[in-house]
Structure formats: C-alpha cells, structure tokens
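Trainee: Could you show me how the labels on a model like this are earned? I would like to see each value set against its definition.

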Amino acid sequence: GRLHAAVVSDMPYCTAVCDVIGCQPYETIYTADLIERAAGLRYQVGCFLVVDVADDMPVFAKTACFVSVCGEVWYVVCECFKTVEYTSHMHSYIAAATNPVQYVVKQLSDLRDPYPLFGSEAICENVSCHLLTLRSHIM
C-alpha cells in the first residue's frame, strides 16, 4: 500500500504506539492502510486479527492502521474487541468493541494467527458485534 508520513502525537493511539515501538510522540513515522506479505496475505484497515488467546478463547482486534519507524519492520495498530462467545450454530465467535476504545500494537510477525478475517456485523443483545470465523485452529 501507499506510505504516508504522520506525527505520532496526531494519532488517537499515540501512547500504544510509543510504548511498543519505542518512538517519541513528536516523531514522524510511516503509516499505511494496506500491507501485503510474501506469503500472499493481504492485511488492510478494517480486517480482524487474532492477537492473543485468553481463557481458551481467541482475542480479536480490528485493524486501525499499520505503522513503521523505518519502513522495514511493520506493526499493526488494532482496536481491541471482547470475545463474547462461540456460537456453534454459526461456527463463529461473537466479538464486541470495548468501551472506551483500547488499542493494541503488534508486530505482524507476532500475530497468534496470520490470517486476516472479515466478519459479518450483527446486533447481539442491543450491542453492535461481529461474527468471526477462524480459518485455522490456533489453540
């Protein structure tokens, strides 16, 4: 994808980015909204990723941006989602956004599952959520 230069302090996830990649808020870094990997994987803003596993459930996050200090090592900035439950009828996990918004920053090579996910939006108990189906077994 196209690279853009951005001052870290102008980003809503400034603190999370600085904590993980070790930059300062006044620094300018590269950002992108699309990253393609050699393995044929294509990550874009808005896709979901499995960033961890907790209590035998995948922890999902929605990509907000990709950042890099030098343009070589890329990190994904994600909005954290809460995994509500697994629904066997839909073969999907139900995930809802956290409030207030929490961000996680991960190096692309450190993802728990390398496959980007695109889920269906739904309303679950009057809350907007996403139905997400894993492409691989990760636990």
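**Strands, burial and rings**

Mentor: Happy to! Let's begin with strand S2 and strand S6 (residues 57-68), which pair in the antiparallel sense over three bridges. This is a predicted model, in which local features need pLDDT of at least 70 and side-chain atom pairs count only at pLDDT 80 or more, while totals for chains, interfaces and linings use all residues. Residues are numbered from 1 along each chain as its sequence is written, and side-chain values use heavy atoms, without hydrogens and water.

Trainee: What makes S2 and S6 a pair?

Mentor: Strands pair if DSSP finds at least two bridges between them. S2 and S6 have three bridges, so they qualify. One of the partnerships is Tyr30 with Ser68 in S6. The strands themselves are DSSP runs (E, at least two residues), as are helices (H or I, at least four), numbered from the N terminus.

Trainee: How do you know that strand S1 pairs with S2?

Mentor: S1 (residues 4-7) and S2 (residues 28-32) share four bridges in the antiparallel sense, so the same test of pairing is passed. His4 stands opposite Thr31 in S2.

Trainee: Why is Thr31 called buried?

Mentor: Buried means under 20% relative accessible area, exposed over 50%, and partly exposed in between (1.4 Å probe, protein chains only). Thr31 has 9%, so it is buried. Beyond its neighbours within four places in sequence, Thr31 is in contact (heavy atoms within 4.5 Å) with residues including His4, Met11, Phe66 and Trp74.

Trainee: Which residues of helix H1 are buried?

Mentor: In H1 (residues 14-21), they are Cys14, Ala16, Val17, Cys18 and Ile21. Their cover includes S2, S6, strand S7 (75-87) and strand S9 (103-107).

Trainee: What makes Tyr13 and Tyr103 an edge-to-face pair?

Mentor: Rings of Phe, Tyr and Trp (its six-membered ring) pair if their centres lie within 6.5 Å; planes under 30 degrees apart are stacked, over 60 edge-to-face, and the rest tilted. Tyr13 and Tyr103 are 5.2 Å centre to centre with 70° between the planes, so both conditions are met. Tyr13 lies in the loop between S1 and H1 and Tyr103 in S9, so the pair ties together parts that are 90 residues apart in sequence.

Trainee: Are these two tyrosines buried or partly exposed?

Mentor: One of each! Tyr13 is buried at 11%, whereas Tyr103, at 28%, is partly exposed.
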